[in-house]
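Welcome! Take a moment to look over the sequence and the 3D view before reading on.

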Amino acid sequence: MTKPVVLIAEELSPATVDALGAGFEIRTVDGADRAALLPALADVDAVLIRSATKMDAEAIAAAPGLKVIARAGVGLDNVDIKAATTAGVMVVNAPTSNIISAAELTIGHILSLARHIPAAHASLAGGAWKRSSFTGTELFEKTVGIIGLGRIGALIAARIQAFDVRVVAYDPYITSTRAQQLGVELLSLDDLLAQSDFVTIHMPKTPETTGMIGIEQLRRMKRTAYVVNVARGGLIDEDALYKALTTHEIAGAGLDVFTSEPPKEDGPARRLLDLPNVVVTPHLGASTDEAQEKAGVSVAKSVKLALEGDLVPDAVNVAGGVIDPFVRPGIALVEMLGQFFSGLAQSALTSLDIEVRGELAKYDVSVYRLAALKGIFTPIVSETVSYVNAPLFATQRGVEVRLVVEPESPMYRNITILRGTLADGSALTVAGTLAGTRMVPKVVDINGYEFEVPIERYHLVMRYADRPGVIAIYGQKLGAAGINIEGLQVAHADASGRALAVLTVDSRVPDGLLAEIREAVGAELLSEIEIVEA
């Protein structure tokens, strides 16, 4: 029997090959050499890469038998996920391989800033002996603020507490129960910035979080405080940071990531490198021997599972395992419903029921639980969310999850309903279905308001007191901003006299305009939903 062929396109540890086992034919190629790579892909079943091999549409087309692309690391910028999904190729990575390394580097930056270690080293290596120039500060009894209390944030909290510091955190998606388990005090972002001596940021990079630490936020910090970013470039406004550092509004910064990498000569990050109160490293978060080996072994195990037909722990585009063709089209729908749910949630999720009703009740729909959680957590955590690590995020946050399957579905052939309880005591329901022969994904219910809205990239959802003229108000304001309303449905007033409008728009709506519309309409709820392709 012919063995499946696994192509290793970049140098990986011997442990990676050992993890694959003896059931595969192992080949190697220099993935950075395009002329060598493309013909080598012709008859392979899986390819293992790091960052130098570009698996774009051309490379995927050159591998008609390809089943898995495995990236031994976190980032997937060198993989065309859309082309892979279209070709039926699973893409896997190693999202947890670097979390300890990233947490430890963060601690290293905090200590380097507190004790001026890099500057003192450079001074002494240059022949000077200036002890008084490098008087530092103890961490003992200081306050460390963590923005984003996901897996890396939690690791930092556990480690930094050994220094007898007070740990505070800002994370709108973490419950107070989970924070108490970690020994962390939850604060608003403004209070965290005002009280912390060291601030470290660990948020996902989204349109909402890009530049979230800007001029106003830096001004709220103590003049003796330090800020650290080992997460994503662009979370801190680099121009604002430069100004804050040069005017001594804050004491210093530790940076491992930048908006442009490497920093451009004429870019804002380049100026930061020359400041004496800045400690910089060239994106070393995952650069440890242990993280690299973990990444290789992790994706090797995923390749083995995928080629054996099992559910794959870190698939980023499709779920592994045997899934009935009748069930498969609903996976993307449920993931999008999860993103819709997150966009509407006004506080942290504490419990979730995933109800699947209709003819689907005859099938194994357990993958819908994974899809719902993947959709819910994708917009709100910094790490890559997959079908298997999504339940881990739920467990870490103390979210109780149930899958309920019922054959009764009075209005639709099949419907999936996400019912959640939030930390503020409120409930949130989002339901959807696949409509027609083209199986168009639609949202059909939000908190009892019924409609049928095809799911597109951008939506606005607002609840307000029903009265004439409201549609004209937001229509005029969006039109004046050059934002086209591609679709609009209004579920008219319930017993409270409030209507719910769902708008489909052709682009993101700036925060300032959202606030303006909210005030003009008198909306008690106004959420912007951005759907990332499932």
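The report below looks at one open sheet and at one helix.

## About the model

This is a predicted model, in which local features need pLDDT of at least 70, side-chain atom pairs count only at pLDDT 80 or more, and totals for chains, interfaces and linings use all residues. Residues are numbered from 1 along each chain as its sequence is written, and side-chain values use heavy atoms, leaving out hydrogens and water.

## A five-stranded sheet

Let's begin with the open sheet, whose five strands pair in parallel in the order β2-β1-β3-β4-β5. Strands are DSSP E runs of at least two residues and helices are H or I runs of at least four, numbered from the N terminus; two strands pair if DSSP finds at least two bridges between them. At the edges sit β2 (25–28) and β5 (90–92), each pairing on one side only.

Strand β1 (residues 5–8) is joined to β2 by four bridges, and L7 stands opposite R27 in β2.

## Helix α17 and its two faces

Helix α17 spans residues 470–480, and its buried residues (under 20% relative accessible area, 1.4 Å probe, protein chains only) are V470, Y474, K477 and L478. They lie on the same side of α17 because they cover an arc of only 95° around the axis, taken from the directions from the axis to the C-beta atoms.

The buried residues of α17 pack against β19 (458–465), β20 (485–491), β21 (498–505) and α18 (511–521), where contact means heavy atoms within 4.5 Å. On the face turned away from the buried side, you will find the exposed residues (over 50% relative accessible area) A472 and A480. After α17 comes G482, with a positive phi near 75°.
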